[in-house]
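Visitor: I should be grateful for a close look at one part of this molecule, namely a place where two helices meet. Please then place it beside what else can be said of the chain.

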Amino acid sequence: MNILTPTADGSNTLFNEQVGEHYHSKHGAVQESRHVFIRAGLEAAMPGKHQLAVFEVGFGTGLNFLLSLDTCLRAGVSLHYTAVEAFPLSFETIADIGYRQFVMPAAWQAFEQSYGPALQAAHELPLHGKLEIATGTFQTYGSGGRFDVLYYDAFSVRHQPEMWTDELITRAAALLKPGGLFVTYAITGKLKRALKACGCTIEKLPGAPGKREMLRATRQPVAG
């Protein structure tokens with residue numbers, strides 16, 4: 001069961017009773033998503049590109065996708081978005097959260113039309129983009145393609161420690177193109193060491209409200 005919860009910026013989140021954690025920060029769901037994933041990830045990767053390939057670990061409520069699509073539509077950039085989600089929500093549940101008010105109508109309409117089909121196969125988006133949501137765990141995801149940005153938005157290590165192992169962080173980093181960005185709300189010594197071992201450079205950035213810092217990593221080209 002998922003319980004609707006208001007957050008400090010006027011947007012809502014859900015509490016996932018199965019996992020024991022909210023999908024987003026209670027300090028502000030939309031605020032956190034924009035800060036961590038849109039500004040530090042998508043917008044940082046956007047200059048000079050007409051198309052962006054994004055991968056998300058933990059599609060959840062679809063908030064990161066919805067804000068990404070809104071941003072790309074406004075910028076005239078094609079968005080190719082792939083995600084993996086172990087606990088897919090119904091669209092009715094997502095609609096009840098109320099994120100529609102935070103994006104332009106075209107972005108919400110595209111999300112509404114695409115979500116169901118995207119759970120089955122890649123579905124076309126405006127500007128020749130696509131949405132594809134693999135249902136299942138990241139551990140069993142059959143990786144394919146290379147991405148400009150990777151949103152690592154699993155539940156916290158306290159509630160989902162299996163999502164923060166060196167093995168899975170290495171798997172995630174391997175999905176990035178050279179120069180690709182890995183962004184997440186979390187920052188720990190273990191996470192930094194795992195990404196450095198994958199050939200990534202690490203940045204500590206100011207965190208969203210409620211968190212002092214967040215992490216961004218850039219995958220470096222393989223030497224030789």
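Guide: Let us start elsewhere in the chain, with the record, and then turn to the helices. The model shown here is a predicted one. An unreviewed UniProt entry annotates residues 142-219 as "domain: MnmC-like methyltransferase". Over residues 142-219, helix accounts for 23% of the chain and strand for 37%, and the C-alpha atoms at the two ends lie 20 Å apart.

Now to the helices. Two packed helices are described by the angle between their axes and by the distance between those axes. The pair to examine consists of helix α2, residues 63-75, and helix α4, residues 105-118. Their axes come within 9 Å and cross at roughly 130 degrees. Because of that angle, α2 is oblique to α4. The crossing in which α2 passes α4 is right-handed.

Which residues in α2 and α4 meet? From α2 come F65, L66, L69, D70 and L73; from α4 come A106, A107, W108, A110 and F111. Sorted by character, the residues of this contact are nine nonpolar, no polar and one charged.

A strand residue offers a second detail. H22 belongs to strand β3, which spans residues 21-22. Its side chain makes a polar contact with the side chain of T5, at 3.3 Å. Leaving aside residues up to four places away in sequence, H22 touches T5, T13, L14, F15 and F155.

Technical notes. Residues are numbered from 1 along each chain as its sequence is written. This is a predicted model: local features need pLDDT of at least 70, side-chain atom pairs count only at pLDDT 80 or more; totals for chains, interfaces and linings use all residues. Side-chain values use heavy atoms; hydrogens and water are left out. Helices (H or I, at least four residues) and strands (E, at least two) are DSSP runs, numbered from the N terminus. A polar contact is a pair of N or O atoms within 3.5 Å; within protein, one must be able to donate a hydrogen and the other to accept it, and residues adjacent in sequence count only if both atoms are side-chain atoms. Contact means heavy atoms within 4.5 Å. UniProt positions are given in the numbering used here, feature names are shortened, and annotations may be inferred rather than shown by experiment. Axes are lines fitted to C-alpha atoms, for helices over the stretch in contact, and angles run from 0 to 180 degrees between N-to-C directions. Angles under 35 degrees count as roughly parallel, over 145 as roughly antiparallel, 65 to 115 as roughly perpendicular and the rest as oblique. A crossing is left-handed if the near helix is turned anticlockwise from the far one by less than a right angle, and right-handed if clockwise. Ala, Val, Leu, Ile, Met, Phe, Trp, Tyr, Cys and Pro count as nonpolar, Asp, Glu, Lys and Arg as charged, and the others, Gly among them, as polar.
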